[in-house]
Amino acid sequence: MKITAARVIVCAPGRNFVTLKIETDAGIHGIGDATVNGRELSVVSYLQDHVVPTLIGRDAHAIEDIWQMLYRGCYWRRGPITMAAIAAVDVALWDIKAKAAGMPLYQLLGGASRSRMLCYPHARGTDLPALLERVAALRGEGYRAIRLQCGIPGIGDSYGVKRQGPGLPEEQVWDIGKYMRFAPKMLQAVRDAVGEEVELLHDTHHRITPIDAARLAKEVEPVNLYWLEDLVPAENQEVYRLIRQHSVTRLALGEIFNSIHDCRELIQEQLIDFIRVTPVHAGGITQVRRIADFAALWQIRTACHGAGDMSPVTFGAALHFGRWVPNFGIQEFAGHPREAAEVFRCAWSYDGDGHLLSGEAPGHGVEIDEAAAERFPYRRSYLGNVRLEDGTAWNY
Ligand code: EZ4
Ligand code: CO
């Protein structure tokens with residue numbers, strides 16, 4: 001089965017998505033997600049200008065060989081743009097292979113380890129009462145695990161926003177002290193309101209310092225969080241030793257990692273409990289399953305990143321991966337803009353009872369309607385610029 005064509009589809013049904021479609025001489029096609037939020041067009045060029053010409057005529061079944069060729073052959077290894085491009089090819093080829101076999105993708109990975117995947121949505125509130133209201137609403141929709149994010153008194157609306165102009169990054173204000181004083185109280189208040197049974201999660205988004213991270217993890221132990229996520233940036237993985245020395249709160253990390261080497265020390269020193277790599281940003285199914293197998297040696301569980309910028313295609317791939325992976329933990333499920341459903345047709349679904357279903361369609365079960373995609377042209381967009389109150393540039 002030869003690859004005959006591959007093209008990149010860029011659309012913005014509520015937000016930007018980059019999708020690669022690969023066609024074969026067997027009449028079977030597959031799709032993969034290549035979205036890197038805020039830097040979308042660099043992956044488009046990487047694929048169109050540099051990758052697609054090398055794919056034409058290759059055996060579509062040779063997933064491993066093509067992965068290795070794209071990783072080793074370019075010389076400039078790793079990095080978010082390269083790895084998202086490789087991921088798009090990889091996921092599209094897994095889609096094709098599974099469709100050719102007439103099987104849902106999880107069957108090719110080794111078959112189902114579970115029937116459905118525990119997931120968590122985001123509850124956001126501008127203040128605590130608004131957050132509690134949102135948590136109650138999500139409980140009403142059946143969710144058993146919920147991520148909590150709340151506006152911080154004195155910083156203004158949730159992470160404070162100042163617009164710079166259309167299509168430019170927003171300026172956001174951050175203060176570590178105000179966050180540190182508020183976050184433990186906020187998390188405890190939600191725990192008091194919902195009782196012991198609900199799993200509660202919180203994402204600090206790399207915004208505090210190592211010793212504050214250790215303090216926060218220690219202070220919230222009585223809340224019994226499912227996890228604290230992204231406490232500090234992990235370029236220097238040693239800092240996680242400090243946090244670990246002070247606390248037994250479960251830690252999650254890795255949504256911005258793109259290679260198994262980015263998480264090697266964290267995993268083998270057991271400095272985290274959940275690894276958050278997801279197919280689109282970490283080299284597709286081919287690398288994510290290697291990371292999961294490696295993590296399993298230390299009983300670390302998976303938790304694929306599932307914010308809204310992971311396209312419905314990545315959810316298809318992640319949910320088939322989650323259906324198989326023995327050390328599955330949880331799947332983030334922030335939801336997509338309403339218009340995304342006009343462009344992407346998905347076999348995966350929410351079961352109304354706190355879990356996601358992969359669906360049984362051959363492949364990963366997600367298709368793109370290209371005519372519909374044309375109705376939603378690309379719009380330049382960015383993540384925000386975060387600054388401390390004195391103007392110092394900080395971590396998004
Ligand atoms: O900020 O995906 O856990 N989820 C997150 C996300 C990230 C976005 C960045 O593009 O941290 O909301
Ligand atoms: Co996160």
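**Ligand 1, polar contacts.** I started at asparagine 37, where a side-chain N or O atom lies 2.9 Å from an oxygen atom of ligand 1. The model I am reading is a predicted one. I then looked up aspartate 309 and found a polar side-chain atom 2.8 Å from an oxygen atom of the ligand. For histidine 305, I noted 3.2 Å between a side-chain N or O atom and an oxygen atom of ligand 1. I also looked up the cover: taken on its own, ligand 1 has 320 Å² of accessible area, and the protein covers 86% of that.

**Ligand 1, shell.** I asked how many residues surround ligand 1. I read off 14, and the closest are Asn37, His205, Glu229, Glu255 and Asp309. I sorted the residues of this shell by class and got seven charged, four nonpolar and three polar.

**Cysteines.** I next checked for disulfides, for which two cysteine sulfur atoms must lie within 2.5 Å. I found zero by this rule. I then asked why cysteine 74 has no bond to the closest cysteine sulfur. That sulfur belongs to cysteine 263 and is 19 Å from the sulfur of cysteine 74, so the two are too far apart for a bond. I recorded cysteine 74 as partly exposed, at a relative accessible area of 25%.

I did the same for cysteine 346, where the closest cysteine sulfur is that of cysteine 11. I noted 12 Å between these two sulfurs, which is too far for a bond. I entered cysteine 346 as partly exposed as well, with a relative accessible area of 32%.

Note on methods:
Residues numbered from 1 in each chain as written. Chains lettered and ligands numbered in written order. Predicted model: local features only at pLDDT ≥ 70, side-chain atom pairs only at ≥ 80, totals over all residues. Heavy atoms only, no water. Buried < 20%, exposed > 50% of the residue type's maximum accessible area, 1.4 Å probe, protein only. Near = heavy atom within 4 Å. Polar contact = N/O pair within 3.5 Å; in protein donor to acceptor, adjacent residues only side chain to side chain. Areas by Shrake-Rupley, 256 points an atom, 1.4 Å probe, with all protein chains shown as cover. Nonpolar A, V, L, I, M, F, W, Y, C, P; charged D, E, K, R; others polar.
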